[in-house]
Every structure is written in C-alpha cells, then in structure tokens.
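User: Please take a close look at the internal cavities of this model. I want to know what lines them.

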Amino acid sequence: MGGIVTGAGISPPSPRPLAWVAPVAAILVLQTMAAFLTRVMPTVAPALFAEFGWANGLVGYAVAATTAGSMLVLLFGARTIHRVGSIRSMQLALGVGALGMVLLFAPLPGAAMLASAVMGLAHGVATPAGSDILQRFTPRNQRNLVFSIKQAGVPLGGVLAGALLPFIVERVGWRSALAAAAGMVACFAALTGLLRGQSDRTDDDEKSRPRPSNRLAALLAQPAQSLASLSSEPTLWRLSVAGALLATAQSCWLAFSVAFLVTEIGLPLTVAGLVFAVMQASGVVGRIALGWISDRIGSGIPTLQAAALASAATMVLLALADRQWPVWALTLLAIAGGISASGWNGVQIAEIAARSPPSLVRLTAAGSTILIFLGNIIAPALFTLCVTLSGRYDLAFAIVAIINLASLPCLLGLGRPPLRD
C-alpha cells in the first residue's frame, strides 16, 4: 500500500517485514567506512608527524578540519544528497575521501588539513542519508535499536583504524598504511552497490518538485533551512544542543587518546592503537545496548542522561591517569569511555527523527548534526589550545567533563516522542 497524501506531501509507506535489513546493512557498511576515514589521522598522526617534524598537538586541528569537511556537506549538501540518492551519495563521498589521502604524502601542514577535510565529507553525508533511509524502512518500535546499529558503524570504523593502521605503520610505514586504508574504503564503497536495492528511491513529491531557478540562492539557503527545521517541534533544539555538548567528550576521546597514551603515558604506538580499538569496540556494544534499552523503556531521554553522567566521569578519570597506571586499567577506562562517550549518538539521532515531522526528517537530521559537528570542531581545537598554553592534558580533560555535564539541563522534562508510523 502506498503512502498517505497529506498537506505536507506523501508520508513514507509502511515498511514490509524485514524490508529494512538490506538498507540497514548497506548504511552500516558505508557508515563504518566513513568513520574509518575520520579515524585515519588520529591513529597514523604520531608516525606521520614525527617524520615531518610536526607537533603532536596538530592532530587536534586535523580532527577539527575533518569535522569541518563533514559540516560542509550538512550545510550545503542536503538537497544534492536527495537528488543523487542517499547510498549513492555516500559511495561517491567515500571515493573522494580515499583519493584525498594522497594529500597526506606532502610534507605540508596545510595539505594535511585539506586531506582531513576531504576525508570528512562522507561522514557528513552519513547522518542525513542514513536517517532518511532508516526512518522510511524501520518499524517504529525498533527505531532506537536500528538507528543505534547504524551508528555503531562509527566506533566500528575506529576499531578497524586502531587495530590495523598502527600495525601496518610499524611494519611497513605510514605511507603503506594510507594506501591500504584507501583501497579498503574504495572496495567496500563499491560492494555496497549490491545492497542498495530500493533504498535510493526518492519520495514522489520531492522527485517531481522542479529544480530552483536560482541554484546558488537555493544552495546558500540550505543551512538556514536545516537549522530552522529544528523549530518544527519544541524539543528538537534542546535535544540538538544536548547532542552538541555530549559530543565534546566523544570527540576528545577520539582525537587525543592515542597521542595522550603515547606521549604522556609512554605506551608504544601499537599498544595505544589497541587500547583505542578496544574503546571503539566498546562503543559498538554501547550504541546497540543503549538503543535496545531505549526501545524497551519507550524513550531515549533516560539513557542520554545516564550517558552524560558516565562520560563525564571517564573524562575525570582520564585526567587522573599517569605512567603508573597499568595497561589493563587504561583498557578498562577506555571500555567505559567507549560505552558512555560514544554510545549515546544513535539514541539521540533516533529521538530527533521520531520527533520530526516525516517530511522534514532529512532537514532536522542535518540541522541537529550541524550543532553536534560544531561541538566536534570546537572541542578538539580548544583542547589543543589548552594543552599548548598550559602543557596539561589533565586540565583539558577536566574542562571537557564540565562541558559534558551541561547537557543534563537540556534533557530535563523531555517526554516521550509522539507516536508516528
């Protein structure tokens, strides 16, 4: 049966049983590869920067540049993603990101920043594209879980980066590691074409809508439209700001854990990479578990509040870590950080989608993620500045913990999302 015609257009058709499996599989693979691209710099940076004589703190700016590349897509690419097709857009962005690694071979900080931005493009496509597909294909009572499975691709990409890249770097060098990473991304992006199926079909009302006569004006209007869409439901802005604040702990765990463990704790790169991989693997488990719990209790708000408290605690403990801590203790802390600082993301995106008018899911997903990515840009840059000026990682981690706790007032009083099919 087709969708129901309303004043806002055509609502998504009711998904057939298990019709969501292939789209979710395709999105999960693409999300994993997009995340893998964003983890290349944090894991390879110690070797690359040492050869070029750059300061380790530069990794914070590289991570910020990666997020800036993602944000460009969110600001100006929503309509293009729709017309090209959600999965096809991710495939193209992954291909461009893989090619962008070539810039890292140039011994210029500017080239590294540009490469980081290019590698972030696919990550920017992932949230609006994935939210659109999953909202259309997933049964309502499984959305938190399915969105969290999709978002589990983010830490899963980090597992691959942390486990594989330092291993390759120490045996055949960082250049070979980059070549292997680019080849893997390109291969998986191509293979997902087999799973694309019907998930790239566009809604009839959008497909028939004429292209704007002034495309430049329409392009420049997209950021305002995405952010304005958050006013379509009273709780969307509060959820989005909470996500931006929660993102500070997540981004700093991702950006600085390897560099911190190598330079401050004194671990070898391979050991630090494995701790990073364990942290990312626990994030996979955390995202799926928090999504499942949220579906069982009928709301993601309590799980978001618990994640805020727990991730702030991991920041405090990381600030207290020193060279006397055994590897097993650091690994346990990394597991806790992966579950709490990373596990909330799928639940927050699902809550945004559930509270959005069906015709605005792409825009609200993009608008909310713009704010989250702002947190991902600002937090690593300020963290780097704090460490540069004070020489203290512990102070920077403590400040991040306080910012993370500021998400709690945004989540107070939020009820369950409205029931929509």
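Analyst:
**The cavities and their linings**

Helix 17 gives the most to the lining of the second largest cavity, with 6 residues. Helices here are DSSP runs (H or I, at least four residues), numbered from the N terminus. This is a predicted model, so local features need pLDDT of at least 70 and side-chain atom pairs pLDDT 80 or more, while totals for chains, interfaces and linings use all residues. Residues are numbered from 1 along each chain as its sequence is written, and side-chain values use heavy atoms, with hydrogens and water left out.

A cavity is a set of points on a 1 Å grid over the protein atoms alone, where a 1.4 Å probe fits but cannot get out; lining residues have an atom within 4 Å of a point. Points are joined across faces, edges and corners, and a volume is the space filled by probe spheres set on them.

The second largest cavity holds about 60 Å³. Its lining includes Thr 127, Gln 348, Thr 364 and Ser 368. Helix 6, helix 16 and helix 17 each give two or more residues to this lining. The split is 6 nonpolar, 6 polar and no charged. Ala, Val, Leu, Ile, Met, Phe, Trp, Tyr, Cys and Pro count as nonpolar, Asp, Glu, Lys and Arg as charged, and the others, Gly among them, as polar.

The whole structure has 5 cavities of 30 Å³ or more. The largest holds about 320 Å³. Its lining has 22 residues; Arg 39, His 123, Leu 254, Phe 373 and Asn 376 lie nearest the centre. Among the elements giving two or more residues to that lining are helix 1 (21-52), helix 12 (236-263) and helix 17 (361-390). Its lining divides into 8 nonpolar, 12 polar and 2 charged.

Methods. On a 1 Å grid over the protein atoms alone, a cavity is a set of points where a 1.4 Å probe fits but cannot get out, and a pocket is an open set with protein on both sides within 12 Å along at least five of seven lines; lining residues have an atom within 4 Å of a point.
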